[in-house]
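Trainee: Got a minute to go through this one with me? I'd like to start with the fold and then move on to how the chains meet.

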Amino acid sequence: MPASSPRTAYWRGVRTALPFVIVVGPFGLLFGVVGTEAGLSIAQVMGFTVLVIAGASQFTALQLMQDNAPTLIVVASALAVNLRMAMYSASLAPHLGPAPLWQRALIAYMNVDQTYALGHADYEANPRQSVAEKVAFFFGTSTPVIPVWVGATALGIVVGEAIPPALGLDFAVPITFLALIAPALRTLAHVAAAVTSVVMAILLAFLPWNLWLLAAGLAAMIVGAEVERRMEARR
Amino acid sequence: MNYTHTELWLIILALGVGTFVIRFSFLGILGDRQLPPWLLRHLRYTAVAILPAMVTPLILWPQATGGQMDPVRIAAAAAALGVGLWTKNAIWAIVAGMGSLWGLGWLLG
């Protein structure tokens with residue numbers, strides 16, 4: 001690929017990521033609306049969005065906070081949602097490991113579901129890129145995704161007041177999550193994990209300090225992994 | 001919500017730092033080394049293991065109805081899940097879910 005350079009890789013990243021703005025935007029908007037309605041200040045809502053940049057864990061924290069769960073449980077449960085990102089980090093390391101530390105730190109900060117999925121897919125499809133091109137591609141995918149995420153949250157804070165409660169926007173949170181979960185139920189193991197998760201959430205609802213979420217998540221992870229192991233053993 | 005200002009910022013900062021550490025783990029600290037297969041197998045299911053538990057009470061016992069089960073919300077959730085499974089497309093699932101919520105709410109309202 002003689003014509004390729006970090007510059008072309010960057011713009012290829014921007015173009016690839018553009019359609020994903022459709023998913024990221026409404027999700028960020030919703031966090032702005034729901035966070036403000038829950039009683040967070042503007043600075044706190046933006047603090048979440050800029051420092052954490054992980055919608056699912058932010059909504060998890062918000063939900064537990066509305067139940068006044070202990071601080072430690074809020075943080076532990078929301079971090080558990082983000083554990084999958086250790087896997088993202090590990091699978092990017094062989095590609096981006098040789099890049100300078102500041103670039104890796106910046107990539108880690110912007111390593112969200114969308115940028116990870118696009119970056120990883122591109123590195124697998126074009127393995128002969130230089131490290132500089134791979135880094136540039138990742139920065140390219142982040143260029144539309146991260147500002148739209150932050151901007152949409154800010155917009156949500158502003159327009160939230162104007163949205164009448166009759167629209168049932170509170171229910172957009174579970175609907176959005178169902179919409180993210182359903183396409184991820186690709187295998188029997190994924191379905192088994194999700195079903196365990198729901199059943200345990202109901203059975204363990206009595207647990208003190210809102211421990212039900214962590215406990216249900218852990219049980220469901222174990223079930224998913226075990227079903228996968230058995231399916232593979234049978235092959 | 002019953003948290004002091006300090007507690008709220010503590011949650012935000014802890015979540016921000018913790019999330020960064022998770023994301024930076026292999027890229028920055030542990031480097032290019034293989035995760036044990038059993039750990040990978042568990043990490044693969046974190047999202048589908050925790051998020052369904054998180055939405056379950058929101059669907060069954062919504063705060064907006066004071067914790068009462070609401071057939072319209074349950075039907076809307078079922079529509080989102082069904083369309084999401086069928087189309088594998090998050091946008092269509094959201095359209096189906098919110099469409100059912102508004103449509104049924106209007107019909108029955």
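Trainee: So what is chain A built from, how many helices and how many strands?
Mentor: Keep in mind that this is a predicted model. Chain A has 12 helices and 0 strands. Going along the sequence, the pattern reads α-α-α-α-α-α-α-α-α-α-α-α.

Trainee: And how compact is chain A for 235 residues?
Mentor: Its radius of gyration is 19 Å, close to the 18 Å from the globule rule for 235 residues, so chain A is as compact as a globular protein of that length.

Trainee: What does the C-alpha trace of chain A span along its principal axes?
Mentor: About 60 × 55 × 30 Å.

Trainee: What share of chain A counts as buried?
Mentor: That's 52% of the 235 residues. As for contacts, take those in chain A between residues at least 6 apart in sequence: 75% of them join residues at least 24 apart.

Trainee: Switching to chain B. Which domains does the assignment give?
Mentor: Domain 1 covers 1–33 and domain 2 covers 48–108. Taken over C-alpha atoms, the centres of these two domains of chain B are 30 Å apart.

Trainee: Now the interface. How many residues of each chain are in contact?
Mentor: On the chain B side it's 64 residues, in contact with 80 residues of chain A.

Trainee: Which helices of chain B supply that side?
Mentor: At least two residues each come from H1 (5–30), H2 (37–43), H3 (46–60), H4 (71–87) and H5 (90–108) of chain B. H1(B) gives the largest share, with 18 residues.

Trainee: How do the residues on that side of chain B divide into nonpolar, polar and charged?
Mentor: The side of chain B that touches chain A has 42 nonpolar, 15 polar and 7 charged residues.

Trainee: Let's zoom in on H1(B) and helix H3 of chain A. How do their axes cross?
Mentor: H3(A), residues 42–51, and H1(B) have axes that come within 9 Å and cross at roughly 10°. Angles under 35 degrees count as roughly parallel, so H3(A) is roughly parallel to H1(B).

Trainee: Which residues meet there?
Mentor: From H3(A) you have Gln44(A), Gly47(A), Phe48(A) and Leu51(A). They meet Leu8(B), Ile12(B) and Gly16(B) of H1(B).

Trainee: And by class, what does the contact of H3(A) with H1(B) have?
Mentor: There are 4 nonpolar residues, 3 polar and no charged ones.

Key. Residues are numbered from 1 along each chain as its sequence is written. Chains are lettered from A and ligands numbered from 1 in the order in which they are written. This is a predicted model: local features need pLDDT of at least 70, side-chain atom pairs count only at pLDDT 80 or more; totals for chains, interfaces and linings use all residues. Domain bounds come from an automatic or database domain assignment. Helices (H or I, at least four residues) and strands (E, at least two) are DSSP runs, numbered from the N terminus. The radius of gyration is taken over C-alpha atoms; the globule rule is 2.2 Å times the number of residues to the power 0.38. A residue is buried if 20 or more other C-beta atoms lie within 10 Å of its own, exposed if 12 or fewer, and partly exposed in between; C-beta atoms are placed from the backbone. Two residues are in contact if their C-beta atoms, placed from the backbone, lie within 7 Å. Ala, Val, Leu, Ile, Met, Phe, Trp, Tyr, Cys and Pro count as nonpolar, Asp, Glu, Lys and Arg as charged, and the others, Gly among them, as polar. Axes are lines fitted to C-alpha atoms, for helices over the stretch in contact, and angles run from 0 to 180 degrees between N-to-C directions. Angles under 35 degrees count as roughly parallel, over 145 as roughly antiparallel, 65 to 115 as roughly perpendicular and the rest as oblique.
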